[in-house]
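Me: Please take a close look at a single loop position in this model, and then set it in its wider surroundings. I would like the terms explained as they come up.

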Amino acid sequence: MYKPTIAVVGRPNVGKSTLFNRIIGERKAIVEDTPGVTRDRLYATGDWLNYEFNVIDTGGIEIKDEPFQEQIKMQAEIAILEADVILMIVNGREGVTEDDLFVARILQKSKKPTVLMVNKVDNFEMRNEIYEFYQLGLGDPFPVSGSHGLGLGDALDAATDYFKDIEIEEEEDSSIKVSLVGRPNVGKSSLINAILGEDRVIVSDIAGTTRDAIDTHYTFDDDEYTLIDTAGMRKRGKVYENTEKYSVLRANRAIERSDVVLFVINGEEGIIEQDKRIAGIAHEAGRAVVIVVNKWDAVEKDEKTMQKFKEKIRQQFQFLDYAPIAFVSAKTKSRLTTIFPLVKIANDSHKKRVQSSTLNEVIVDSVSMNPTPTDKGGHRLNIFYGTQVSVGPPTFVLFVNDTELMHFSYRRYIENQLRGAFGFTGTPIHIISRTRN
Ligand code: GDP
Ligand code: GDP
């Protein structure tokens, strides 16, 4: 189902990141932390009542060496491009400023649904301070206090109310969603063009939104695919694309909508830190991943080069050990046809369900081959039974006597046994242990 997006905008110091953190709350991923990935706090998931949505803090996106007004203008424009609803934040202690008016005018022109939050209204007596904000022309101001967590409910009610209009128009589509992510210049656009070739015909706007995201439909071996937001990638101004935080945000958003992520790296230049970060996002989002090494034409090769490069990838991206690797060239079109068979395998794995009886046979066999660990007091982990609770990615719950006894290394062992038995090429799998009373 479509997950709407809220963006937080406003001039510096009004409390955007404080409110952002309030809205997303304390969130712990079920997967263990991916080594080498610093968590980006510009983009996260939030929820309110029955709604789940993405939240963007535009305050963290900067273009270096641009004047102040350019910065807040860019942030407002990115919010307009990316979000369904905007939260405009102002400071109730300072009143309306020129910069508030400047941002408000940009938002007004866009006609994006906007909710005006007057922050730093920390106590009841201050509520009268909000009336002057009517002059921003963004409707009723909502008094809130980010640091005390006050007033957020009413403002979020107003924001999520706008979601009702979006959902009705969203159409169902059973195609496999695929995105290409990777740092700038690895060849994502070239790959898209090379894959689609002359067949590039059907382009459709996403129903019900005014975002300029454009998806392309693609058929391979009778399977329908949607390549996400690839034309949009080039349509947007290069200025914004080149700010690193924005390109990571774009990757985040594309990954979010994908079943399978094509993680593109540059065979000619090899692997750098930024690659790891993007790969980490794909892994943590629980999407299926295929690694595409592009520009293979530009690499001087002998019969060992490919194997060596594979080993380097396995070493650098240990958390992606399940992802198959394709070596291609967008320029010469060599080996391009190897990509989509791997996408198909990864997608099938991502949606695979295994039978409970077979699953439990594998668990029993695994335990008999490699006994469960004990703690210092001699208590031994006992796995009573396992069950698959969901797909996309496959997620298993193991009921045990004591979750504390389920060590990372034993979980990893079970994961490898499940992979050995069922495949799961191209997809992460999640294993959760629960204490059975
Ligand atoms: P941003 O630059 O818009 O992201 O603003 P921050 O979230 O970094 O907040 C700027 C400053 O305002 C920080 O010192 C916050 O502690 C403070 N602040 C944020 N929300 C509130 C609030 O509701 N009341 C008060 N009194 N201070 C706040
Ligand atoms: P993007 O920023 O990831 O979309 O990368 P582009 O598709 O714009 O490509 C960046 C540069 O790499 C361009 O100059 C391309 O011509 C070049 N390029 C793309 N694919 C290949 C390839 O397979 N081989 C070689 N040698 N160059 C490529």
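Reply: A residue is called buried if 20 or more other C-beta atoms lie within 10 Å of its own, exposed if 12 or fewer do, and partly exposed in between, with the C-beta atoms placed from the backbone. By that count Lys120 is buried, because it has 22 C-beta neighbours inside 10 Å. Because this is a predicted model, local features are given where pLDDT is at least 70 and side-chain atom pairs count only at pLDDT 80 or more, while totals for chains, interfaces and linings use all residues. Residues are numbered from 1 along each chain as its sequence is written, and chains are lettered from A and ligands numbered from 1 in the order in which they are written.

Lys120 sits in the loop between β5 (114-119) and β6 (141-143); helices here are DSSP runs of H or I with at least four residues, strands are runs of E with at least two, and both are numbered from the N terminus. Two residues are in contact if their C-beta atoms, placed from the backbone, lie within 7 Å, and on that basis Lys120, apart from neighbours within four places in sequence, touches Gly15, Asn91, Gly92, Arg93 and Ser145. For Asn91 the C-alpha to C-alpha distance from Lys120 is 6.2 Å, although 29 residues separate the two in sequence.

Gly15, one of those contacts of Lys120, leads to ligand 1. A residue counts as near a molecule if its C-beta atom, placed from the backbone, lies within 6 Å of it, and of the 15 residues around ligand 1 the nearest are Gly15, Lys16, Ser17, Thr18 and Gly146. Helix α1 (residues 16-24) contributes the most to this shell, with 3 residues. With Ala, Val, Leu, Ile, Met, Phe, Trp, Tyr, Cys and Pro taken as nonpolar, Asp, Glu, Lys and Arg as charged, and the others, Gly among them, as polar, the shell around ligand 1 holds 2 nonpolar, 10 polar and 3 charged residues.

Ligand 2 can be described in the same terms. Its surroundings also number 15 residues, of which Gly187, Lys188, Ser189, Ser190 and Lys331 come nearest, and helix α6 (residues 188-196) supplies the largest share, 3 residues. The classes here are 4 nonpolar, 7 polar and 4 charged. Ser189 belongs to helix α6 and counts as partly exposed, because it has 15 C-beta neighbours inside 10 Å.

Behind the loop of Lys120 one can turn to the nonpolar core, meaning a set of buried Ala, Val, Leu, Ile, Met, Phe, Trp, Tyr and Cys residues joined through C-beta atoms within 7 Å. The largest such core has 105 residues, and Met88, Met117, Phe263 and Val290 have the most contacts inside it. Met117, once neighbours within four places in sequence are set aside, is in contact with Leu19, Leu87, Met88, Ile89, Phe142, Val144 and Ala155.

Some backbone details deserve care, since most residues other than glycine have a negative phi, and most peptide bonds are trans. Lys333 has a positive phi of about 65° without being a glycine; it is found in the loop between β13 and α12 (339-350). Asp221, again not a glycine, has a positive phi of about 50° and lies in the loop between β9 (214-220) and β10 (223-227). The peptide bond from Gly392 to Pro393 is cis, with omega near 5°, and Pro393 is in the loop between β14 (383-390) and β15 (395-400).

For the protein as a whole, 14 helices and 16 strands make up the secondary structure, and 38% of the 437 residues count as buried. As for how far to trust this picture, pLDDT is the predictor's confidence in each residue, from 0 to 100; its mean for the protein is 86, and 87% of the residues reach 70 or more. Over residues 28-39 the pLDDT is below 50, and beyond near neighbours in sequence this stretch has 16 contacts in the model. Residues 199-213 likewise stay under 50, with 24 contacts beyond four places in sequence, and the model scores ipTM 0.77 and pTM 0.77.
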